[in-house]
Structures are given as structure tokens and as C-alpha cells.
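Biologist: Could you take me through one part of this model up close, and then show me what sits around it? I'd like one connected walk rather than a list.

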Amino acid sequence: MAYSDLRAFLADLGDDLLRIRDEFDPRFEAAALLRTLPAEGPAVLFENVRAYPGARIAGNLIASRSRLARALGTTADALPRTWLERKEHGIAPIQARDAAPVKEVIHRHPDDLLSLLPILTHHEKDAAPFITTGVVLCTDPETGRRGMGIHRMMVKGGRRLGILLANPPIPHFLAKAEAAGKPLDVAIALGLEPATLLSSVVKVGPRVPDKMAAAGALRGEPVELVRAETVDVDIPARAEIVIEGRILPGVRELEGPFGENTGHYFSNVSPVIEISAVTHRDNFIYPGLCPWSPEVDALLSLAAGAELLGQLQGLIDGVVDLEMAGGTSGFSVVVAVHRTTAADVRRLVMLALNLDRRLKTITVVDDDVDIRDPREVAWAMATRYQPARDTVVIHGCEAYVIDPSATGDGTSKVGFIATRASGADSDRITLPPAALAKARAIIARLH
Ligand SMILES: Cc1cc2nc3c(=O)[nH]c(=O)nc-3n(C[C@H](O)[C@H](O)[C@H](O)COP(=O)(O)O)c2cc1C
């Protein structure tokens, strides 16, 4: 089932949505709660935002596997498979038939963005409030191809935003616009239903090159678009908020520091957006996403993790499952294999480290290990991995821009092979299934 918008998703959560009526400040307080909530904790809706009467802030929406699955109308176990199957059949967006809710309120040429939106300040040394779930939309000035991705944006005061353009394709579009001495029109959509948000950070390929068509595939229904008010960009009609503007040609300014998904601050010299309009729904919901939180892990686990799993399964026999290690910004994964030969496990390590630009460490285990349980993975590393024999290091790779450990020389990458060396089916201690079932039944009564 597709959710028509963020409101429909929230309405469906029932007890899994915590409504917070205490007053919360968008400066630090909302981020502190979002960071502190465990992944399996509820989604939250701040209904009383200091200095922003009528505005609400939502967060922790898809941090848990169960809510992520609900957002896509599937089960937690089927999450990667659901994405891999659906993305094969893109569903192109359509023009909205009715009036666009995102245009219920229109501010043309606003003087001060921060007086309109409760943009969160997240960490103590952040230079300013930052937008963390802004889906930036624009078109290639030459081909008309859509660009769509999450890019962090710094509130620079007045109607200016700094934007980190580290990933393709938007930096390429900007380079083309700049070569012609022109600005690049952009629209920033905020408060999308989760499937469309997820689609903005997936890797797309030749079969479904348009992330908006990938969103349709994931939803099972086309996304409804409408033309923006002041720029030549199509925007989701049912977003909560849209910021319209132009990336100024040739302008670069300090952007940051900002506490990133790596858990470290990162500054850059980045392009600048000049805002031309802000449109939003009545009583809009601003989407909060705290960097280095379980919700970021969830976004990356599907957007990058499921994709890498699909690629590896197409290349190597016996690849069963893949989990992105939480808190690593997608730099670290664990892969489970079933009876994969030693030679193929080495190939798998080399391939994975090269297929994903972000990936820096991979651990391969047998599928008797629960890859979502750090204790089990640590056990496999402690008892099946031999450092001198089972470590693969590759040098001279491109570093990911926000990795604080990388130097100008790029990065090295490492694979740990923690699979059984003996060739035996299992070398684990075991208990009789009947005894285990009895124990589990008693433990279940405790909850
Ligand atoms: C939470 C989150 C924040 C991101 N922030 C940025 C950003 O500030 N700048 C950027 O260029 N890319 C950022 N990205 C990544 C892009 O949206 C990226 O295009 C997307 O993940 C697709 O991956 P690919 O570029 O490796 O194909 C972010 C991704 C996520 C999940």
C-alpha cells in the first residue's frame, strides 16, 4: 500500500508514534531526543515547537526495521528483496490532478528563511542550523534529466543556503550551468512520505535512471508532481514544504562545521543557493533527521546496503545477506555467505570494496552467524578469523569526502574473512532443539 503523503504515514502509526506536547526547542533539544531514541523506539512528532506556533517536527520515522518495512508495505525480512524486485519496474511520475497541498501557503522572496521554518541545530559546534532531509530537485541544463538527492544545507542567514554537493549528478549539472554563466534552478522538498525520501538516496542505474520513477516503483504508484512557483523544476505536490531557489554560478563559501553522519564535524567550501520562494502546507510538518542516528543507518541500509547485496548476489554464488554496520555512515558492512568457496570469498571482498565508493571495511561470515547481532559477528571474528591469513588490504582507492581519517592520498580498504576454515558444516556448540524451544517459551512469557 502506498502512503499518499507523510501525514498518511503518521496517521497509520497508531501507538508507534509518540506525540510530544512539551515545548521543544529546534536548537539542540529536538536533535538530542532524536539521537537518544533507540532504533526500535517510536516515531516522534513534536507538536509544540518553541517560537514556531502551528509548526510540527517529525523524526525517527523509519529508524526501526519494522517501521521501514511498514513504510514500504512489506516485512522486515523481505526489505532488501522488496527494493531489488520493485526497482526493476520504474513508475514514471504524473502531473497532480488536484490543487497541490504544498502550495497552501506561498512566501515569495522571503527575507529570512529561519523565521518561517524550525530548522534544527543539531550539535554543539555546528556553525548554524542545517537542513538534513532536504531532497534537492533540479534538471540537467543540457539533457533535461532529473537530479534528486539528499544534500545537507547550511542556513547562512537571510535567504541564503550553503549546499554540500559531494555526490553526483547535481555537481555535474551545476558545472554545466556555470560553464554557460547561468545559475542552476533547484527546489528542495521537505516532509516526503518515506518511500520517496528513500528513493532520493538509492543508486539508480540504466534500467530506472530517474529516482522519481524509482520512488513510484517503491510505492507501487506514481508520485504526483506540480511545477514550482519561481523555478523551472517539478516538485512533489504532497510534500510538506518546498524551498525554491538558484545555485549561484561561481560562488563558493565556507559551509560548516557540521556534525556529520560519520559522528565527526566536517567543513567544506561549497556552492550557495539564493532562495526565491518557500511554499508549505497549513500546519506543516518539518522533517528532522539527526546525523549519526539509527534513522541514518536505516536509510543507508536500504539505499546502499540492499543495492550492494543485489550486485554481489549477481556476481558470486552463495551470498545470503548483508548488513551495514550501524553508526559507520555506510563505511562498514558484514556479509553472510553459504558454502562459498575460499577463492570466491576473496573475490567477493575485492568486488564489494570496489563496487561501493563509501565502503571501507567488509567482514564476511558464514550464514550460521546472525549478522544483525554484534556479539555474533565479534564471535566469528574472534574464533574463525586468522589475521595473517584472512585479511585483504587494497590501497590507492578514492576516499569518501566526509571520512575524517582519509588523507589527500585517498584511502585504503580492508576485508576480514571470518568464515569457517575447516570446511565443516558447523563448528559451533549446539543444544538440542527441544530444550531450546522450551527455554524460549519461558522467556517469551517474561515479555
Ligand atoms: C542522510 C544522508 C545525507 C546525505 N547528505 C549528502 C550531502 O550533504 N551531500 C551529498 O553530496 N550527498 C549526500 N548524501 C548522498 C546523496 O544523496 C547520494 O546521491 C545518494 O546517497 C546516492 O548515492 P551515490 O551518489 O553513491 O550513487 C546523503 C545521503 C544520506 C542518506
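**A helix crossing and its surroundings**

Modeller: Happy to; let's begin where helices α9 and α10 meet, with a crossing that is right-handed. Keep in mind that this is a predicted model. Two packed helices are described by the angle between their axes and the distance between the axes. Here the two players are α9, residues 294–313, and α10, residues 342–355, and their axes come within 11 Å and cross at roughly 140°. Angles over 145 degrees would count as roughly antiparallel, so α9 and α10 are oblique to each other.

Now for the side chains at that crossing. From α9 you get Leu308, Gln311 and Leu312, and they meet Leu348, Leu351, Ala352 and Leu355 of α10. Sorted by character, the residues of this contact come out as 6 nonpolar, 1 polar and no charged.

Next, another helix, α6, which spans residues 170–179 and has Ile170, Phe173, Leu174 and Ala177 buried. These four cover an arc of only 100° around the axis, which puts them on the same side of α6. The spacing fits a general rule: an α-helix has 3.6 residues a turn, so residues three or four places apart point the same way. Turn to the face of α6 that looks away from the buried side and you find His172 and Ala179, both exposed.

What do the buried residues of α6 pack against? Four strands: β7 (135–139), β8 (146–150), β11 (184–190) and β14 (241–247).

Both ends of α6 deserve a glance too. Ahead of the helix, in the loop between β10 (160–163) and α6, sits proline 169, and a cis peptide bond joins proline 168 to this proline 169, with omega about 5°. After the helix comes glycine 181, with a positive phi near 70°.

While we're on cis bonds, have a look at the one from glycine 256 to proline 257, where omega is near 5°. Proline 257 has its place in strand β15, residues 253–259.

Now on to valine 233, in the loop between β12 (224–227) and β13 (234–236). With a relative accessibility of 3%, valine 233 counts as buried. Leaving aside residues up to four places away in sequence, valine 233 touches Leu137, Cys138, Asp185, Val186, Ala187, Val226, Arg227 and Ala228. Take aspartate 185 from that set: valine 233 is 48 residues from aspartate 185 in sequence, yet 7.0 Å away in space, C-alpha to C-alpha.

Last, two loop residues whose backbone angles are worth a check on your screen. Alanine 51 is not a glycine, but its phi is positive, about 75°. You'll find alanine 51 in the loop between β2 (43–46) and β3 (56–59), and at 67% relative accessibility it counts as exposed. Asparagine 283 is another residue other than glycine with a positive phi, near 45°. Asparagine 283 belongs to the loop between β17 (272–280) and β18 (285–287), and its relative accessibility of 46% makes it partly exposed.

Notes:
Residues numbered from 1 in each chain as written. Predicted model: local features only at pLDDT ≥ 70, side-chain atom pairs only at ≥ 80, totals over all residues. Heavy atoms only, no water. Buried < 20%, exposed > 50% of the residue type's maximum accessible area, 1.4 Å probe, protein only. Arc of directions from axis to C-beta. Contact = heavy atoms within 4.5 Å. Axes fitted to C-alpha atoms, helices over the stretch in contact; angles between N-to-C directions. Parallel < 35°, antiparallel > 145°, perpendicular 65-115°, else oblique. Left-handed = near helix turned anticlockwise from the far one by under 90°. Nonpolar A, V, L, I, M, F, W, Y, C, P; charged D, E, K, R; others polar.
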